[in-house]
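Work through the exercises below with the sequence and the 3D view open. Try each task before you read its solution.

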Amino acid sequence: MEIMRLVVTGPVGAGKSTFIRSVSEIEVVDTDRRATDETLMLKKRTTVAFDFGRLQFGTEMALHLYGTPGQSRFDFMWDILIRKAHAYILLVAAHRPYEFRSARRILGFMKQRSQIPMIIGLTHADCPGAWDAENIAIALGYLDANKCPPIITVNPNESASVAEAVIALVQHSMQGCLV
Amino acid sequence: MAITGYLAEFSLAEMFQFLEQGCKTGLLNICTLAGSNTEGQKTHYIWFNQGRIVAAAGSLNQQGLVSMIGQRGWLGDRAASRLAQTCTIGTPMGLCLKAQGALTAEQLKLLFYSQVMRQVCALFELGDAWFQFDAKVPLPPAEMTGLSAPATEVTLAGLRALKDWSALADKLPEPTSALTSIIDGKPQLRLNQVEWQVWEFTNGSVALSAIANQLRLPVEKIQQVAFRLIVSALAEEIPLIAEPIALTPETEPAELSVASTEASAVSQSFLQNLVGFLKGKV
């Protein structure tokens with residue numbers, strides 16, 4: 001069985017779990033349990049281990065999707081996931097500038113551990129107060145447009161939109177060398 | 001497109017970092033919220049040119065700089081205004097008055113310090129305020145001395161003077177995180193002693209709590225210094241691995257254990273098939 005592993009990461013509430021549910025062909029293995037801290041304010045449930053989804057598209061071919069934990073104190077799990085991943089997408093809610101620093105922190109963590117292909121997926125881009133892609137790139141520390149990863153908008157609730165995002169990530173990966 | 005928000009969500013330090021790193025030009029309005037402080041609702045205006053702060057004022061009447069010059073007794077309002085009328089359009093009034101011998105270079109520096117460094121640094125004390133950055137607003141020559149400062153330099157000064165950090169508490173890097181330098185060589189900004197001490201640890205491997213232990217300073221103090229280095233675009237926060245928790249079957253189903261699966265190459269044909277399959281879902 002040939003498997004490609006994609007990691008879906010981002011701050012709490014960016015839409016990671018929804019993203020995976022929208023594209024997975026199996027019932028997403030939901031390892032959520034009730035949050036007990038401030039994330040409760042944002043989500044009634046938050047991911048403490050990881051979400052897992054699968055898309056089998058051939059007898060010997062499958063795409064596995066892993067959602068990172070939503071709380072930074074579980075970042076040991078991020079470490080496991082990112083080291084085994086072929087590529088990842090960072091989801092950022094475009095209308096929540098207070099999460100940009102958290103997204104930047106995640107990027108720092110990821111970049112230190114892996115140089116695998118990645119793209120940025122902007123969620124809630126049509127919400128009032130949403131920042132545009134160019135400004136979010138700056139806020140995330142990408143000052144050189146030539147060194148910025150692809151930035152796409154994605155609606156995690158729509159399967160077609162998520163499929164387009166995964167296509168963008170896979171095509172970006174095809175330009176590099178997947179290990 | 002104007003950028004709007006609240007300082008409680010995107011702090012002034014972060015905004016300044018964004019404007020400097022994005023080399024933004026335009027006007028930043030900061031409107032204090034009613035009841036948020038003793039001065040009542042008031043709007044502050046800060047103009048940026050290519051990421052540098054070039055002017056600040058408490059109103060848009062174009063009289064701020066003239067008024068400051070008058071208050072110091074260097075030039076009467078009428079005389080300053082008359083001289084300003086002879087300036088080439090678009091020339092900062094400060095430079096124009098200096099060229100005409102009405103002001104010295106030293107006086108311009110003092111004006112800039114009062115207008116920008118002192119006024120803007122005080123804004124870091126605001127707990128919350130509404131802000132809007134509009135890149136379409138032209139620069140105001142009548143409010144400009146001709147001098148400018150990098151936004152992050154003003155941030156450093158403002159945060160050093162800040163006594164109440166409660167509004168920034170959730171912005172500070174975690175005690176379990178490390179710092180890594182994002183510049184080549186040493187900082188060009190003038191750092192103070194403790195900032196230099198923390199800077200020495202920007203290797204991505206020492207947690208802020210460990211730095212605090214080594215420097216024998218409270219970890220909150222180190223977090224504040226680290227935040228200053230981060231928003232000054234000198235360093236980046238790098239989360240370190242937290243203590244592993246005990247995994248239970250409930251939290252990690254065994255069949256999903258990714259740790260047991262080694263990363264292996266994915267073929268081009270696999271990727272092409274995957275893209276083809278996904279295109280059928282779009």
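In chain A, among contacts (heavy atoms within 4.5 Å) with a separation of 6 or more, 70% come from residues 24 or more positions apart. The model is predicted: local features need pLDDT of at least 70, side-chain atom pairs count only at pLDDT 80 or more, and totals for chains, interfaces and linings use all residues. Residues are numbered from 1 along each chain as its sequence is written, chains are lettered from A and ligands numbered from 1 in the order in which they are written, and side-chain values use heavy atoms, with hydrogens and water left out.

**Exercise 1. Describe chain A by its elements and its cover.**

Step 1. Count the elements. Chain A has five helices and eight strands. Helices (H or I, at least four residues) and strands (E, at least two) are DSSP runs, numbered from the N terminus.

Step 2. Read along the sequence. The pattern is β-α-β-β-β-β-α-β-α-β-α-β-α.

Step 3. Check the cover. Buried means under 20% relative accessible area, exposed over 50%, and partly exposed in between (1.4 Å probe, protein chains only). Of the 179 residues in chain A, 62% are buried.

**Exercise 2. Do the same for chain B, then find where its confidence drops.**

Step 1. Chain B contains ten helices and eight strands. Of its 282 residues, 47% are buried.

Step 2. Look at the contacts in chain B between residues at least 6 apart in sequence: 73% of them join residues at least 24 apart.

Step 3. Turn to pLDDT, the predictor's confidence in each residue, from 0 to 100. Chain B averages 88, and 90% of the residues score at least 70.

Step 4. Find the weak stretch. Over residues 249–255 of chain B, pLDDT stays under 50, and the model has ten contacts beyond four places in sequence for them. Where pLDDT is low, the predicted coordinates should not be read in detail.

**Exercise 3. Locate the largest nonpolar core.**

Step 1. Fix the term. A nonpolar core is a set of buried Ala, Val, Leu, Ile, Met, Phe, Trp, Tyr and Cys residues joined through side-chain atoms within 4.5 Å.

Step 2. The largest one has 67 residues, and F16(B), L28(B) and I30(B) have the most contacts inside it.

Step 3. Place it. The core lies between domain 1 (3–150) and domain 2 (172–239) of chain B, because both give residues to it. The domain bounds come from an automatic or database domain assignment.

Step 4. Set it beside another. Apart from this core lies one of 31 residues, including M4(A), V8(A), A165(A) and L274(B).

Step 5. Zoom in on I30(B). Leaving aside neighbours within four places in sequence, its contacts include L7(B), L12(B), I46(B), L123(B) and W130(B).

**Exercise 4. Examine helix α1 of chain B.**

Step 1. α1(B) spans residues 12–21 and is mostly covered, with nine of its ten residues buried.

Step 2. Among the buried ones are L12(B), E14(B), F16(B) and Q21(B).

Step 3. Look past the end. C23(B) follows α1(B) and has a positive phi, near 50°.

**Exercise 5. Find the disulfide and sort four cysteines by exposure.**

Step 1. A disulfide is a pair of cysteine sulfur atoms within 2.5 Å. The structure holds one over all chains.

Step 2. This bond joins C87(B) to C96(B), with S to S 1.8 Å. The link is left-handed, with -100° about the S-S bond.

Step 3. C87(B) is buried at 14% relative accessible area. C96(B) is buried at 8%.

Step 4. C121(B) is buried too, at 14%. C23(B) is partly exposed, at 42%.
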